[in-house]
Amino acid sequence: MSVSSSSSSSTNLKIGIIGFGPFAQFLAKTMINQGHTITAASRTDYSELCHDLGVSFFRDVEAFLEAENDVILICTSIVSLSEVLKTIPLHCLKRPTLFADVLSVKEHPREVLLQVLPEHSDILCTHPMFGPESGKNGWKDLTFVYDRVRIRNEATCSSFLQIFEREAGCIMLEMSCEEHDKMAARSQFITHTIGRILSEMEIKSTPINTKGFETLIQLKENTMKDSFDLYSGLFLHNRFSKQELENLELAFKNIKLRLLGRVNEVQDLDYIIR
Ligand SMILES: NC(=O)c1ccc[n+]([C@@H]2O[C@H](COP(=O)([O-])OP(=O)(O)OC[C@H]3O[C@@H](n4cnc5c(N)ncnc54)[C@H](OP(=O)(O)O)[C@@H]3O)[C@@H](O)[C@H]2O)c1
């Protein structure tokens, strides 16, 4: 793992986004502000929204690929990645292109992209560790993880990374997809799981909130803004998540056992445990 800083100058890129859902729309706004040209293709018809944003929306994926993008940015849900890639007529690519993805798991897209893309396509696997909520006031000091899986065109890769590095001020962290998934299972997946448990419990603000409880309410609300597809993808396509779910369950059981053990030690608690 290394924190990096790239030195070459930035260029305006033609970026084609596949999957124009909430996260892609959020990224596209900053990219447009930086002067990049954005095109998009998605399962849903986003023509009107794209028109308002200044993005060219293609209903026809062949025409989208023929638009000769410098970068194709994959922003589909984790669980639909393989299915989406199957529908892309990769033979329509006119020239070597950089494929980048932003999926919140990294080993899975790495494997799939290496499998399906033509040998002449470069591959950059990335995970911006922020979203529309945490990044709403800018991306400065937020972390951007990336793995240069197969890069020959250094100039395009560097220009793409600079979207996050220079102009947006992200902390750039280069690490392997495996390292990312290990850490993300122990951090992001656990965060989402706790948020979903709190939502299942229907926790609500009270007149006597502590600061700690307000943090939990915020966590619940932020987590529930993300789709269940995103959350289930963190589990289904990160091989380290299952173990972390088991660790969480075991930790909960241990804490419960300690509390119940206390009940047996303490006198005069009949009124609580009855
Ligand atoms: N939200 C975040 O804070 C965040 C942060 C970092 C990375 N990411 C990653 O960014 C990606 C997009 O996230 P998201 O928040 O926008 O929501 P998401 O629910 O993870 O993905 C929504 C996107 O997936 C597409 N999609 C879903 N099922 C599909 C299918 N069967 N066939 C074709 N397309 C399908 C949707 O297309 P349509 O809209 O056309 O239906 C939409 O573009 C995910 O991989 C996520 O892990 C998200």
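## A walk from Thr 193 outward

Leaving out residues up to four places away in sequence, Thr 193 touches Tyr 231, Leu 245 and Leu 248. This is a predicted model, and Thr 193 makes a handy place to start looking around in it. The residue lies in helix 8 and is buried, with a relative accessible area of 5%; that puts Thr 193 in the buried class because the cut-off is under 20%. Its side chain also has a polar partner: one of its polar atoms lies 2.7 Å from the backbone oxygen of Phe 189.

Two of the residues that Thr 193 touches, Leu 245 and Leu 248, lead us on to helix 11, where both take part in the contact with helix 8. How do these two helices meet? The axes of helix 8 (residues 188-200) and helix 11 (residues 241-265) come within 10 Å and cross at roughly 50°. With that angle, helix 8 is oblique to helix 11. The crossing of helix 8 past helix 11 is right-handed. On the helix 8 side, the residues involved are Phe 189, Ile 190, Thr 193, Ile 194 and Ile 197, and facing them in helix 11 are Ser 241, Glu 244, Leu 245 and Leu 248. Sorted by character, the residues of this contact comprise six nonpolar, two polar and one charged.

Now let us move to strand 8, which holds Val 145. Is Val 145 buried or exposed? It is buried, with a relative accessible area of 4%. If neighbours within four places in sequence are set aside, the contacts of Val 145 are Cys 125, Thr 126, His 127, Met 129, Leu 173, Met 175 and His 180. Another useful landmark here is Cys 177, which is 32 residues from Val 145 along the chain, with 9.2 Å between the two C-alpha atoms.

Strand 8 (143-150) also borders our next stop, the loop that joins it to strand 7 (122-128), where Asp 141 is found. The backbone is worth a look at this point. Most residues other than glycine have a negative phi. Asp 141, although not a glycine, has a positive phi of about 65°. Asp 141 is exposed, with a relative accessible area of 51%.

A second case of this kind waits earlier in the chain. Glu 68, also not a glycine, has a positive phi of about 55°. Where does Glu 68 lie? Look in the loop between helix 3 (61-66) and strand 5 (71-74). Glu 68 is partly exposed, with a relative accessible area of 35%.

Notes. Residues numbered from 1 in each chain as written. Predicted model: local features only at pLDDT ≥ 70, side-chain atom pairs only at ≥ 80, totals over all residues. Heavy atoms only, no water. Axes fitted to C-alpha atoms, helices over the stretch in contact; angles between N-to-C directions. Helix = DSSP H or I, 4+ residues; strand = E, 2+ residues; numbered from the N terminus. Parallel < 35°, antiparallel > 145°, perpendicular 65-115°, else oblique. Left-handed = near helix turned anticlockwise from the far one by under 90°. Contact = heavy atoms within 4.5 Å. Nonpolar A, V, L, I, M, F, W, Y, C, P; charged D, E, K, R; others polar. Buried < 20%, exposed > 50% of the residue type's maximum accessible area, 1.4 Å probe, protein only. Polar contact = N/O pair within 3.5 Å; in protein donor to acceptor, adjacent residues only side chain to side chain.
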